[in-house]
Amino acid sequence: MAGAGTILSMLDTRDGDPVASAVAANKRLFLSALTFSAAMSILALTTSFYMLQVYDRVLTSRSEETLLLLTLITIGGIAVFGILDSLRMRLLNRAGMRVGEALARTTLRAMIATASQDGGLSTKQGLRDIDTVRNFIGSAGFAALLDAPFVVVFLIVLFLLHPAFLVIVLLGGILLGAIALTGHRLTNEPVARSIGMAMRAHQFADNAVRNADVIEGMGMAAGYTERWHAQWLESLRLNTVATDRESAFNASSKALRLLVQILLLGAGALLILSFHATGGIMIGASIIGSRALAPIETMVSMWKSVIAVTLARRRIAQLLLNAPRRDEGIELPAPRGHLSVQAVHYAAPGTRKLILSNIGFELRPGESLGIIGPSGSGKSTLAKLLIGAWPCSSGTVRLDGADIYRWPRAELSRHIGYLPQDVELFAGTVRENIGRMTEGTPSDIVRAAQRAHAHEMILGLPKGYDTEIGENGHNLSGGQSQRIGIARALFGEPRFIVLDEPNSNLDAIGEDALITTLAELKRDGVTVVVVAHRPSILAGVDRMLVLNAAGNIEAFGPRADIVQRYTQQRPASNVVPLSSVASPDADDGNAGRKS
C-alpha cells in the first residue's frame, strides 16, 4: 500500500513537484506497463488452473490427450507471460531513463547555482539522487508494485473457488499489512539516518581525494582517515540497526505467507473431506493465495529502497524548487561596460555578520579599477558580487543599468570575463577550458590566448591546445593554469572583466604579459576590475578602491590620489601598503596571499 502510495505521489503534480512532473510526462509508458501487469496477472493463474485441471480431469479421466493439450496451453500462457514481463521491464527501464534525462540537466544547473552561494551536502547529491530514482523505476521491485492493484483478480478467483479461501487470504493480507506499517514506523528513522550519515561519509572521502596534495604534503592522511572511519562506522551502525529490524519483519512476513499457504491447504483438505472441493481446487487455491500476498511481501522486503527513493525525490524537488533562477529573463543588448555599485551589503547565507557593508562606486565604460585590502576584507566576495555569481544581501550591482544578478547567465557569459582566486580549471583540454567548455571556434580560442599573451606558452605544451589539463589542472604548473585562466576570462571579447589576484602564481615573464594585457584591454575600452595583493600590476588602473578589515570602503578615487594618500602617511595597520603602486616593477613581497 505504501509502495503504491509512492507511485501515486510521483504522479501527483498538484504541488509543482518537478520530479512528479517528469514522471507524469512519461505517463503513457507507465500506463502501458500497467496494462502489461493486468495481462500478466491473468496469465499468472495459468499454473493454478493447470494444477486444478490435472487433478480434477486428467487424473480422473486418465486421458493423455487432455494432459498434452493442457500442457501445450500452459506452456503458451507461460511464454506469453515471460514476453510481457520482458517488455514491461524494458518499458520501465526506458521510463526511468526518460525521467532521469528530463531532470539531469536542470538538476546539475541547480546544483551549480546553489553551490556557488551556500553549498551544502544536498547540492552535491543531486545527480546521485536522480540515479536512485531512475534505478528504482527500472527495477523489478517497482514492477512488482505495479502488480498490487490486480490482487483483486486473485481475490475474485479465490471467492469463486470457495469463500473460505478468500477469508484466509484477506486475514493474512491484513496481518502482512500490519507488519508492513509497523516495519515502516520502526525502520524509517534509522534508514533515513543511515543514508544521511553514509552520504556525509562519502562526501568526506571525496574531499580527501580532491585535496590529496594537501593531505599527503602535511601528513594529515592518518588523522583524516580516522575521522572518515568514525563517520563510516556510524553509518554502518545505523544501517545495521535498520537492517536487523528489516530482517525481522521480512522473516515475519515470509513465515506468515507460508502459514497462509498451510491454512489454505488445510482448509482445502477439510472442504475435500466434506465434499465441497476437490484436490485441484485445494492446490490451485494455495498457489493463487500465495500470489495474492506476494505484492505485500515484496513491499516489506524492499522497504529500504522505498525510503531511499522517497528521500531522493524530496531532495531533488527541494533543490530544483529552491535553486536560484539564473537563466530566466528577457534578452538584453550587449553591455558597453558601465558598472554601478549601489549601497551593497553582503552577509554569508545563514548568518547576520556582514562581510561587506555599504559598498558604492561607479565605473564608466573602459575604466579600470584596482581593489586592495587586507586578508578577510571581502575582496573576493566583492568580485563575485560584481559578476553576479552571488546575490547582494541588499543593494544592487548594475551593468549598463541592469541588475547583473538578474541578467540571464547564458547570455551574460558572452559579455563578461572572470578569473577566480583559485583558477579552477576543468578536466579536459586547454582548448576546451579557454572556450569555456563550449564549441568555440579555433580562431576565437587562439585570439583569447593571444590577448592573454599565453599563445606561445600553450604551443610549448606537449600537445599544444589539445593538451589534457587533468583533474583540477594537475598536469600544469600554477603559473600555466593561471595564464590559461586569464585567456578563458578574455574569451569572446567581453566588455567587462574581473580578475581576482591574477598574478598570484605568475613569474616575472607571466606578470609582464599580464601588465601588457591590462594595458591592451584599457586601449580597447574594456571595463576591468583587478583584485590584488601585489599592487605592482595596478600601476595602469584608473581608479583604486581600498577595503578595510570590516569590509567597508576606506578609500576610493583616482589611482594617483590614493597612491599619494598612502605614500605620504604611514599606512593604517589594516591596509595593504601602496608604496610600490607607483612603480609597475615593484612588489610588496606578498605573492600568493589570498583574501
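By buried I will mean under 20% relative accessible area, by exposed over 50%, and by partly exposed anything in between, with a 1.4 Å probe and protein chains only. What I am presenting is a predicted model, in which local features need pLDDT of at least 70 and side-chain atom pairs count only at pLDDT 80 or more, whereas totals for chains, interfaces and linings use all residues. Residues are numbered from 1 along each chain as its sequence is written, and side-chain values use heavy atoms, with hydrogens and water left out.

Let me begin with the chain as a whole. The protein chain has 21 helices and 10 strands, where helices (H or I, at least four residues) and strands (E, at least two) are DSSP runs numbered from the N terminus. Of its 595 residues, 47% are buried. If a contact is taken as heavy atoms within 4.5 Å, then residues 24 or more positions apart account for 74% of the contacts with a separation of 6 or more. The accessible surface of the chain comes to about 28200 Å², and 59% of that belongs to carbon and sulfur atoms; these areas come from the Shrake-Rupley method with a 1.4 Å probe, and for residues only the protein chains shown count as cover.

Now to the interior. A nonpolar core here is a set of buried Ala, Val, Leu, Ile, Met, Phe, Trp, Tyr and Cys residues joined through side-chain atoms within 4.5 Å. The largest one has 64 residues, and within it Leu161 and Phe165 have the most contacts. Leaving aside neighbours within four places in sequence, Phe165 touches Leu158, Leu264, Ala267, Gly268, Leu271, Ile281 and Ala285. Apart from this core lies another, of 42 residues, with Val423, Ala449, Leu461 and Ile497 among them. As general background, nonpolar side chains in soluble globular proteins tend to be buried together.

On the outside, by contrast, Val152, Ile156, Phe159 and Leu160 make a nonpolar surface patch of about 410 Å². Patches are made of residues with over 30% relative accessible area and no salt bridge, like charges being joined within 9 Å and nonpolar side chains (Val, Leu, Ile, Met, Phe, Trp, Tyr) within 5 Å. Leu160 belongs to helix H8, residues 151-161, and counts as exposed because its relative accessible area is 65%.

I turn next to the sheet, where two strands are said to pair if DSSP finds at least two bridges between them. Four strands form an open sheet in the order E2-E1-E4-E5, with antiparallel pairing. E2 and strand E5 (402-403) stand at the edges with a single partner strand each, so one side of each is left without a neighbour in the sheet. Strand E2, residues 354-363, is joined to E1 by 6 bridges; one of the bridge pairs is Val344 with Ile359 in E2, and Ala347 stands opposite Leu354. The two strands form a hairpin with 6 residues between them, and in its turn Gly350 has a positive phi of about 85°.

How buried or exposed is Leu339, which is placed in strand E1, residues 339-347? Leu339 counts as buried because its relative accessibility is 0%. Its C-alpha atom is 5.7 Å from that of Glu362, although the two residues are 23 apart along the chain. Beyond four places in sequence, the contacts of Leu339 include Phe361, Leu386, Val397, Phe496 and Val529.

Finally, the charged pairs. A salt bridge means a side-chain nitrogen of Lys or Arg within 4 Å of a carboxyl oxygen of Asp or Glu, and the whole structure contains 13 of them. Arg88 and Asp85 meet in one such bridge at 3.4 Å, N to O, and both lie in helix H5, residues 64-115, where 3 residues, about one turn, separate them. Arg88 is buried, at 4%, while Asp85 is partly exposed, at 27%. In helix H6, residues 121-137, Asp131 and Arg134 are separated by about one helical turn because they are 3 residues apart, and their closest N and O atoms are 3.2 Å apart. In the salt bridge of Arg237 with Glu234 the corresponding distance is 2.7 Å; these two are 3 residues apart in helix H11, residues 221-273, with Arg237 partly exposed at 42% and Glu234 partly exposed at 26%. Elsewhere, salt bridges that share partners join Arg447, Arg451, Glu493, Arg523 and Asp524 into one network.
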